[in-house]
Amino acid sequence: TTPTIQVKLLRVIQEREFRRVGGNHDVKVDVRVVAATNKDLEKAVADGSFREDLYYRLDVIPIRLPPLRMRTGDIPLLVNHFLERFAKESGKPKPVISQEAMHVLLSHEWRGNVRELENLIERVVAFATAELVTDAEVHGWLHRPATQSQHTAMPMDLTDEGLDLEGLINGIEKDLLLKALERSKWVKKKAARMLRLNTRSFRYRLEKYAIKGGRD
């Protein structure tokens with residue numbers, strides 16, 4: 001936060017008033033401030049990048065929340081919450097995380113904390129083709145390269161060992177179907193238009209890859 005914003009925030013907390021941009025009079029407020037950060041504010045105060053008076057105004061009832069990897073007991077609860085949320089949003093059935101898959105989640109480092117877990121479960125709901133999610137699937141989604149998926153990684157050359165051309169093409173097609181559904185909020189007609197497919201052809205491909213859920 002810039003020094004200017006810190007001064008303005010301190011004034012709101014102390015004086016319980018603020019002035020709108022372009023306004024010519026102060027507005028009284030009666031609010032409670034709940035602030036969160038992943039920064040070391042004590043260190044920021046020491047090096048002068050954060051105002052000491054603002055720090056003590058905010059640090060009334062501090063709650064130290066450990067990183068997700070240090071409170072693994074929360075992971076099953078969060079997983080269930082995100083599964084229900086994304087299944088409802090996409091109109092797809094709620095997948096079931098196998099015990100082995102849950103073990104993978106519990107042992108992961110979660111450097112991105114809850115946001116990383118949330119993004120993973122969103123992928124699980126979007127890409128799962130069966131009710132039960134396996135540990136191999138979760139491991140694959142966790143360690144998928146950021147720049148390209150395992151299906152869309154095109155070979156640079158044809159080696160003497162050859163390649164599974166049909167499997168490669170099917171993987172690319174399925175990946176694009178799922179991406180179109182995600183971007184269209186799982187509205188099938190919109191997704192079909194994105195891929196320039198008619199409704200019949202689009203539905204055939206969904207059935208081919210056992211992609212369920214969504215709405216017309």
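Lys185 is exposed, with a relative accessible area of 60%, where exposed stands for over 50%, buried for under 20% and partly exposed for values in between (1.4 Å probe, protein chains only). This residue sits in the loop between α8 and α9 (188-194), helices here being DSSP runs of H or I with at least four residues, numbered from the N terminus. The model is a predicted one, in which local features need pLDDT of at least 70 and side-chain atom pairs count only at pLDDT 80 or more, while totals for chains, interfaces and linings use all residues. Residues are numbered from 1 along each chain as its sequence is written, and side-chain values use heavy atoms, with hydrogens and water left out.

**The loop between α8 and α9**

Most residues other than glycine have a negative phi. Lys185, however, has a positive phi near 60°, and Trp186, which lies in the loop between α8 and α9, has a positive phi near 65°. Trp186 is buried, with a relative accessible area of 5%, whereas Lys185 is exposed at 60%. Leaving aside neighbours within four places in sequence, the residues in contact with Trp186 (heavy atoms within 4.5 Å) include Ser90, Lys92, Ala126, Leu178 and Leu181, and also Ile211, Lys212, Gly213, Gly214 and Arg215. One of these partners, Gly213, is 27 residues from Trp186 in sequence, and the two C-alpha atoms are 7.6 Å apart in space.

**Salt bridges**

A salt bridge is counted where a side-chain nitrogen of Lys or Arg comes within 4 Å of a carboxyl oxygen of Asp or Glu, and by this rule the count comes to 16. Three of the pairs are set out below.

| Pair | Closest N and O atoms |
|---|---|
| Arg19 and Asp26 | 3.1 Å |
| Glu109 and Arg111 | 2.8 Å |
| Glu173 and Arg205 | 2.6 Å |

The side chains of Glu173 and Arg205 meet in a salt bridge, and this pair links distant parts of the chain, with Glu173 in helix α8 (residues 165-183) and Arg205 in helix α10 (residues 199-208), 32 residues apart. Arg205 counts as partly exposed, at 21% relative accessibility. Elsewhere, salt bridges that share partners join Arg11, Glu17, Arg19, Asp26 and Lys28 into one network. Within that network, Arg19 is partly exposed at 46% relative accessibility, and Asp26 is also partly exposed, at 30%. In the remaining pair of the table, Glu109 is partly exposed, with a relative accessible area of 43%, while Arg111 counts as exposed at 69%.

**The largest pocket**

The largest pocket has a volume of about 1,600 Å³. Of the 41 residues that line this pocket, the closest to its centre are Val34, Ala35, Ala36, Thr37 and Leu58. On a 1 Å grid over the protein atoms alone, a pocket is an open set of points where a 1.4 Å probe fits, with protein on both sides within 12 Å along at least five of seven lines, and lining residues have an atom within 4 Å of a point. The volume is the space filled by probe spheres set on the points, which are joined across faces, edges and corners.

Helices α1 (3-15), α2 (41-46), α3 (52-58) and α6 (113-127) each supply at least two residues of the lining, and α1 gives the most, with 5 residues. The lining divides into 23 nonpolar, 7 polar and 11 charged residues, where Ala, Val, Leu, Ile, Met, Phe, Trp, Tyr, Cys and Pro count as nonpolar, Asp, Glu, Lys and Arg as charged, and the others, Gly among them, as polar. Because domain 1 (3-59) and domain 2 (68-142) both give residues to the lining, the largest pocket lies between them; the domain bounds come from an automatic or database domain assignment.
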